[in-house]
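Open the structure in your viewer and keep the selection panel at hand. The stops below go from one sheet to the ligand site.

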Amino acid sequence: MDMHEHEILVLNALASLSKGSPHVPAFKLANISECSGLSLDSVRKAAGLLADRAYVKAHEQLRAYHTAPTEEGARFLKQGFPEERIVKKLEAKGGRLAMSELDDEEKRVGLGWAKKNGWVELAGGELAIKGRPALASYEQHKFLERIAANNSVSAGELESAKLLISRNLISEPKPEKSHSLSMTKEGLDALASGLRPSYNLTAPTSRTYPAKLHPVQRTADRIRQIFFELGFEEMRGPAVESAFWNFDALFQPQDHPARELADTFYIEGEEPLPKGEVVERVKKAHQATWKYKWDEAFARKRVLRTHTTAVSARYLDKSMHEKREAAKYFCIGRVYRNEVVDFKHLAEFYQIEGIVLWEKTTFADLLGLLCEFYHKLGFEKIRFRPSYFPYTEPSLEVEVYFEKKKAWLELGGAGIFRPEVCLPLWGKYPVLAWGLSLERPIMLANDVEDIRSFYKNDLAWLRDFKLKQ
Ligand code: PHE
């Protein structure tokens, strides 16, 4: 039986109030409220529910009628009724009085009553006292006093109260009922069988906002996990980078358009070049193939990295120093581009970078790895299209089929690092490489149309955002 907790408290209160009593007494709601610790209002509500179940009987009794002296009534109590005041004046003046000695209220109200009560009469144009008026026992005055003391009249007094009401000395009496409850046999049985409250688990509550990670951060963590599962190591590199690692080491000629101010943020000052022969080898690769004079000063320029491929370049060099025959690295990091910001473009965003170093690896491994990665991320239909990057050959673009738009959308670039990149840095060839967008797949999977939504710090948006994949 589904019962509200309050119903059970009321039943228990009734049981303990009537303990030891042979019959079934009724108890006032106020008593039950006190005994149960519930507010009068809660007792009232629970009583309604219990009465519907026939566990209690509700009793209603007319207690009395509420009334109180009006302002005028209160004044009469203080100053005396006007008819009483007339008699007092007469007594003070030896029993006779000129009419002009009465005040307004005495004339208008008091005179009529004084005559009606048989206290005064008119004699020769004057007012004269008649007999010995018993003011001390004036019925109307005494009744009003009693009412003022109790603020109520009984049913039997209603009739006599009419007079005071018509004189506007008391307010209209209102019935006052008292409510009480008694336990029924059904109620006793129910209690004896043991009751347990039922809780409404679907009742609405206020929303709570526990701490949660930003969707981009959550996805980054998931991707990190995917690469760990695939046996990759995480690589890290600085966001403030030298042009050497960002461009030169990746075989981008020094007059390449991507290096221009229009695309790249340059920062004042220079970055040191790496020690050892790597700089010399990179220089040679540039000069042998591109046929221009490679300038160290250009390589020292300080930039905000435009891609995380700069980190890959550093790790190729690191792998040479560590004499690694094979390695798999990934990196999730922020990159910066001098772009006009719109719903598709930001000046800073994230890339998912990766490299596989192994002389026996093949182009098929690259395609297989990318497929595997996107499948693990929840994207089934992947395709590759030929593309171009200065540092890879062959180069490709990864696209995902997006059902909702019935279109193929670009997710990032990949390829095999050219020998001109691999040999000066790592000394071996080939190296599989990719650089993918992090925000793009989140947008596709979650219907985010505007990439700026992620970084607006709109608390309401962030609170409501539920990652789908
Ligand atoms: N760096 C490229 C970009 O930013 C992506 C890429 C990385 C392409 C590695 C090929 C190999 O778009």
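Select Phe 27 and Leu 181 of S7: the two residues stand opposite each other. The coordinates are those of a predicted model. Now widen the selection to S1 and strand S7, residues 174–183. These two strands run antiparallel and are joined by three bridges.

Next, add the other strands of this sheet. The sheet is open, has four strands and follows the order S1-S7-S2-S6, with antiparallel pairing. At its edges are strand S1 (26–28) and strand S6 (152–153), each of which pairs on one side only.

Move on to the ligand. Select the shell around the ligand, which has 13 residues; the closest are His 307, Thr 309, Arg 337, Gln 351 and Tyr 391. Colour the shell by residue class to see five nonpolar, six polar and two charged residues.

Three polar side chains are worth displaying with distances. For His 307, a polar side-chain atom lies 3.1 Å from a nitrogen atom of the ligand. For Thr 309, an N or O atom of the side chain is 2.9 Å from a ligand nitrogen atom. For Gln 351, a polar side-chain atom lies 2.9 Å from an oxygen atom of the ligand. The ligand taken alone exposes 320 Å², and the protein buries 91% of that.

Switch on the surface: the space taken by the ligand is the largest pocket. Finally, show strand S13 (348–357), strand S16 (407–417) and strand S17 (431–437), each of which supplies at least two residues of the shell. S17 gives the largest share, three residues.

Notes:
Residues are numbered from 1 along each chain as its sequence is written. This is a predicted model: local features need pLDDT of at least 70, side-chain atom pairs count only at pLDDT 80 or more; totals for chains, interfaces and linings use all residues. Side-chain values use heavy atoms; hydrogens and water are left out. A residue is near a molecule or strand if one of its heavy atoms lies within 4 Å of it. A polar contact is a pair of N or O atoms within 3.5 Å; within protein, one must be able to donate a hydrogen and the other to accept it, and residues adjacent in sequence count only if both atoms are side-chain atoms. Accessible areas come from the Shrake-Rupley method with a 1.4 Å probe; for residues, only the protein chains shown count as cover. On a 1 Å grid over the protein atoms alone, a cavity is a set of points where a 1.4 Å probe fits but cannot get out, and a pocket is an open set with protein on both sides within 12 Å along at least five of seven lines; lining residues have an atom within 4 Å of a point. A molecule sits in a cavity or pocket if more than half of its atoms lie within 2 Å of its grid points. Ala, Val, Leu, Ile, Met, Phe, Trp, Tyr, Cys and Pro count as nonpolar, Asp, Glu, Lys and Arg as charged, and the others, Gly among them, as polar. Two strands pair if DSSP finds at least two bridges between them.
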